[in-house]
Amino acid sequence: MELRYITCTHKRFIKPLAMAMLTMGLLTLSSCRKYLEQVPDSTWTDLSTPAKVSKLLGTAYPQSSYITMCEAMSDNVADKGAGVISRPNQDAYMFKDIQSIEQDSPEAYWTACYKAISAANQALEACSKAADPKEYTAQRGEALVARAYAHFMLVNIFSEMYDEATAAAAPGIPYVTVPETVVIKQYERKTVAYVYDMIEKDLLEGLPLISDEGYSVPRYHFNRSAAYAFATRFYLFKKDYAKVVEFADQAFASNDIASNMRGWNANYSSMSPDQLFDLYANAKENANLLLVETQSLYGRYVGQYRYDLDYAHEVQILGYNVTGGRWAYPIYYRGSQDYFVPKLTEYFVKSSVNATIGEPYVMVPLFTTEEVLFNRAEANTHLGKTAAALKDLNLFASKRIRNYNPAAHTITTASIRSFYGITGEKDGLIHTILDFKRAEYLQEGMRWFDLQRYKMTVVHTTREGEVLELKAGDKRCVFQIPQSATSSGIELNPR
């Protein structure tokens, strides 16, 4: 099987996929391999030093992926008629409850989030019981922010998206703040508003305690930049736009966002797919603010799923844009219809040194520099600060447009109005931001959350011609809570 690269010069990448995947498995990045081969366990009992608590906190991040199911629910994909069949991919495309409990399923993600929360709670307990709690300040900060993040992702996947008008009545998810001491504990969901209040409480308490000192690889933990990036996402979803700007301005020293962005139209432009796969989710890439290893098959099958990016969507998403220039993202394809941008790949971790079996993992950037920029631009748009929003959008374009030329590619309200045919300044800016995010996070599952925040309808068409429509307010917009959670007294989402 041959991989081909779509560019104006028709470059070709001729390494067979099977050999590429084998090479990826054997030549795993040393930094990723070192991290993945650690076996942190939330059942540890020796938490007698800050270093040991920090090691436990390595498991306080959901080690499962939402990408497969969220990407398939979005408007980035089509029914190609053939390809890899996976229930998280297929059921999500059909807007059905996912009938799987394996990797990349709602069950797997739900379980991973609560395992991460359990680790955070155990770390917090160790910090509070220490002889000198002040020595554990940084660990307490990380645990609080990590606990907030896992609950934030749960509530935005398994509950209705936050809306001030409905949040006080909409069912949330259990917010767990103490280690479990019984086999099956009973929980209640409470409301989305309650969950958001608890997330905010943990986030604001933890933020000032976060320290970048003491981590050999800060990007595997909630460092300061990652924590502030999370704050911008939280307040964007909550629609507290002034706080989004406030925290975005604190995310980087001297507000230096530009030098911490990916160089898609610079150093990335000359890289092979192998090099891009190696760098994109690597801790050496400054744009990656927080990375987590996830047990997932997505790196193996991205682009090859039956319900995946096709040519029509590739043109729609990565074709022309408001700058008048062309995106620098490279698109490769396998065969005639399997399209992908080299980003996330599989790292196969053997069960033991001499084993031939193991588990597939994908390193996932949970927060990036670019998201801080997007969140600030969107917040400033809602605050009526058009010039500030345009400044951030033009900074982004300068890093993404091939052969960028300010004289030709600068974004203005006039160019937005002309490109979209939208007279409203605010609406035009929001369209631009969402389209830029759609291109930037293609095949990363992020589009789903924007579709829900702006209550956009998603239409999927099957190869047989059946049209499936998911409108705002449809109960299927909320992923179903795993059946196994009912044993803890948790009610399923209505259908």
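Select strand 8 and strand 9 (residues 358–368) in this predicted model. The two strands pair in the antiparallel sense, over five bridges. To examine one bridge, select E346 and then V362, its bridge partner in strand 9. Strands of a sheet pair through backbone hydrogen bonds, either parallel or antiparallel.

Next, add strand 4 (288–295) to the selection. An open sheet of three strands now comes into view, with the order 4-9-8 and antiparallel pairing. Which strands form its edges? They are strand 4 and strand 8 (346–350), each of which pairs on one side only. From one strand to the next, the twist averages 35°.

Keep the sheet displayed and select helix 9 (224–238). Helix 9 packs on the sheet, where it touches strand 4 and strand 9. The direction of helix 9 makes about 75° with that of strand 9. Then select helix 14 (residues 369–382), which lies across strand 4 and strand 9 and runs at about 40° to strand 9.

From helix 9, proceed to helix 8 (residues 192–206). The buried residues of helix 8 pack against helix 9 and also against helix 7 (137–158). To see which residues of helix 8 are buried, select V192, A193, V195, Y196, M198, I199, E200, D202, L203 and G206. A distance check can be made here: at 1.5 Å a residue, the 15 residues of helix 8 should span 21 Å, and the end C-alpha atoms are 21 Å apart, so the two values agree.

Helix 7 leads to the next stop, the largest nonpolar core, which has 145 residues. The largest share of this core, 13 residues, comes from helix 7. In soluble globular proteins, nonpolar side chains tend to be buried together. Which members of the core touch the most other members? Select Y66, F222 and F230 to display them.

Centre the view on Y66 and show its surroundings. Leaving aside residues up to four places away in sequence, Y66 touches Y109, Y149, M153, I157, E444, M446 and F449.

The final selection is T68, found in helix 4 (residues 67–73). Is T68 buried or exposed? Its relative accessibility is 2%, and T68 therefore counts as buried, the cut-off being under 20%. Around T68, select P88, N89, D104, Y298 and Y305; T68 touches each of these, with residues up to four places away in sequence not counted.

Technical notes:
Residues numbered from 1 in each chain as written. Predicted model: local features only at pLDDT ≥ 70, side-chain atom pairs only at ≥ 80, totals over all residues. Heavy atoms only, no water. Helix = DSSP H or I, 4+ residues; strand = E, 2+ residues; numbered from the N terminus. Expected span 1.5 Å × (residues − 1). Buried < 20%, exposed > 50% of the residue type's maximum accessible area, 1.4 Å probe, protein only. Contact = heavy atoms within 4.5 Å. Core = buried A, V, L, I, M, F, W, Y, C linked by side-chain atoms within 4.5 Å. Pairing = 2+ DSSP bridges. Axes fitted to C-alpha atoms, helices over the stretch in contact; angles between N-to-C directions.
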